[in-house]
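Colleague: I should like to go through this model with you, one point at a time. Please give the reasoning before each result.

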Amino acid sequence: MSETKRVAWCITGSGHYLKESIDILYGMENIDLFLSKAGEEVLKWYDYDLKIFKKKGIKVFKDTTASSAPVSLLYEGVYNLVIVSPATSNTIAQMAYGLSDTLVTNMFAQAGKCKVHSIVFACDTEPTVITQAPKKPVTLYPREIELQNYENLKSFKNVDVVDTVNKLKSAIKNFNER
Ligand SMILES: Cc1cc2nc3c(=O)[nH]c(=O)nc-3n(C[C@H](O)[C@H](O)[C@H](O)COP(=O)(O)O)c2cc1C
């Protein structure tokens, strides 16, 4: 049996940095995709058909069970890296406070408990953010609570929290080289 460990790439309901995240994951191998319910919806808003991932051989896990059943794959040692990119403000808040009631926040929490490394790309990290809504760019002003949650998450062990595409690429490269 192959010893190759896989990457669990989690997509949440963020339009911000969605395209950039997908461009990066397309260039990687041994990836499975995990979607929050909002992630699944937002992919449709931005015209991504789940069939495209399946055609590329990427297995897609949707958020359809109360217990987040796919986390059992972490217990089986299938993954050595969990990436949450893009991560919404909601998911950042849940993760920073140790909550886990979506597939993605469960993957993050269980990765922590299994000592599996995580990389999180937080999108709302500046006082002003220009984001791509489905039809046009929009300027948003993240609140103090969003910035605080982002800062809190940075103190977690075994977790890299990044705030730019280049830092995401570097974190993945550093992980692969260690
Ligand atoms: C088109 C669209 C784009 C969105 N983009 C963002 C975003 O960039 N950042 C964000 O924090 N929430 C965004 N949202 C809102 C989230 O999808 C919503 O907060 C959702 O509850 C997040 O759930 P999740 O964190 O479980 O994926 C967007 C919603 C829509 C409809």
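Colleague: Over how many bridges do strand 5 and strand 8 pair, and in which sense, parallel or antiparallel?

Modeller: Please bear in mind that this is a predicted model. Within the pair, I119 stands opposite D160 in strand 8. Strand 5 and strand 8 are joined in the parallel sense, and the number of bridges is four.

Colleague: In what order do the six strands of the open sheet lie?

Modeller: Strand 1 and strand 4 pair over five bridges, and strand 4 and strand 5 pair over five bridges as well. The pairing in this open sheet is parallel, and its six strands follow the order 3-2-1-4-5-8.

Colleague: Which strands stand at the edges of that sheet?

Modeller: The order of the strands is 3-2-1-4-5-8. A strand at an edge has a single partner strand, so one of its sides is left without a neighbour in the sheet. Ignoring direction, neighbouring strands are turned by 20° against each other on average. The edge strands are strand 3 (59-61) and strand 8 (159-162).

Colleague: Which residue of strand 5 is the bridge partner of V84?

Modeller: Strand 4 pairs with strand 5 in the parallel sense. On the pairing of strand 1 with strand 4, W9 stands opposite I83. For V84, the bridge partner in strand 5 is V120.

Colleague: How many of the nine residues of strand 4 are buried?

Modeller: Strand 4 covers residues 79-87, and a residue counts as buried when its relative accessible area is under 20%. The strand is largely enclosed by the rest of the structure, because the number of its nine residues that are buried is eight.

Colleague: Is the peptide bond from S85 to P86 cis or trans?

Modeller: P86 belongs to strand 4. Omega of the bond from S85 to P86 is near 0°, and the bond is therefore, by the cited geometry, cis.

Colleague: At about what angle does helix 1 run to strand 1?

Modeller: Helix 1 spans residues 18-26 and lies across strand 1 (6-11), strand 2 (31-35), strand 4 and strand 5. The angle between helix 1 and strand 1 is about 165°.

Colleague: Is T91 buried or exposed?

Modeller: T91 is placed in helix 5 (residues 89-96). Setting aside residues up to four places away in sequence, T91 touches T12, V84, V104 and T105. Its relative accessible area is 2%, so T91 is buried.

Colleague: Which residues are in contact with L153, leaving aside its neighbours within four places in sequence?

Modeller: L153 lies in helix 7 and counts as buried, at 0% relative accessibility. With its neighbours within four places left aside, L153 is in contact with I92, M95, A96, F108, V120 and V161.

Colleague: Which residues form a nonpolar patch on the surface together with I145?

Modeller: I145 lies in helix 7 (residues 144-153) and is partly exposed, with a relative accessible area of 37%. The patch has about 310 Å² of accessible area together, and the residues that join I145 in it are Y97 and L99.

Colleague: How far apart are the closest N and O atoms of K19 and D23?

Modeller: K19 and D23 both lie in helix 1, four residues apart, about one turn of the helix. K19 is partly exposed, with a relative accessible area of 49%, and D23 is partly exposed at 41%. The two residues form a salt bridge, in which the closest N and O atoms are apart by 2.7 Å.

Colleague: With which residue does the side chain of E146 meet in a salt bridge?

Modeller: E146 is buried, with a relative accessible area of 12%. Its salt bridge has an N to O distance of 2.4 Å, and the partner is R143. That partner counts as exposed, at 54% relative accessibility, and is again R143.

Colleague: What is the phi of D47, which is not a glycine?

Modeller: D47 is placed in the loop between helix 2 (37-45) and helix 3 (50-55). At 70% relative accessibility, D47 counts as exposed. Its phi is positive, at about 65°.

Colleague: Where does K115 lie?

Modeller: K115 has a positive phi near 55° although it is a residue other than glycine. It counts as exposed, at 71% relative accessibility. K115 is placed in the loop between helix 6 (103-113) and strand 5 (117-122).

Technical notes: Residues numbered from 1 in each chain as written. Predicted model: local features only at pLDDT ≥ 70, side-chain atom pairs only at ≥ 80, totals over all residues. Heavy atoms only, no water. Patch = residues over 30% accessible without salt bridge, like charges linked within 9 Å, V, L, I, M, F, W, Y side chains within 5 Å. Areas by Shrake-Rupley, 256 points an atom, 1.4 Å probe, with all protein chains shown as cover. Salt bridge = Lys/Arg side-chain N within 4 Å of Asp/Glu carboxyl O. Helix = DSSP H or I, 4+ residues; strand = E, 2+ residues; numbered from the N terminus. Buried < 20%, exposed > 50% of the residue type's maximum accessible area, 1.4 Å probe, protein only. Contact = heavy atoms within 4.5 Å. Pairing = 2+ DSSP bridges. Axes fitted to C-alpha atoms, helices over the stretch in contact; angles between N-to-C directions.
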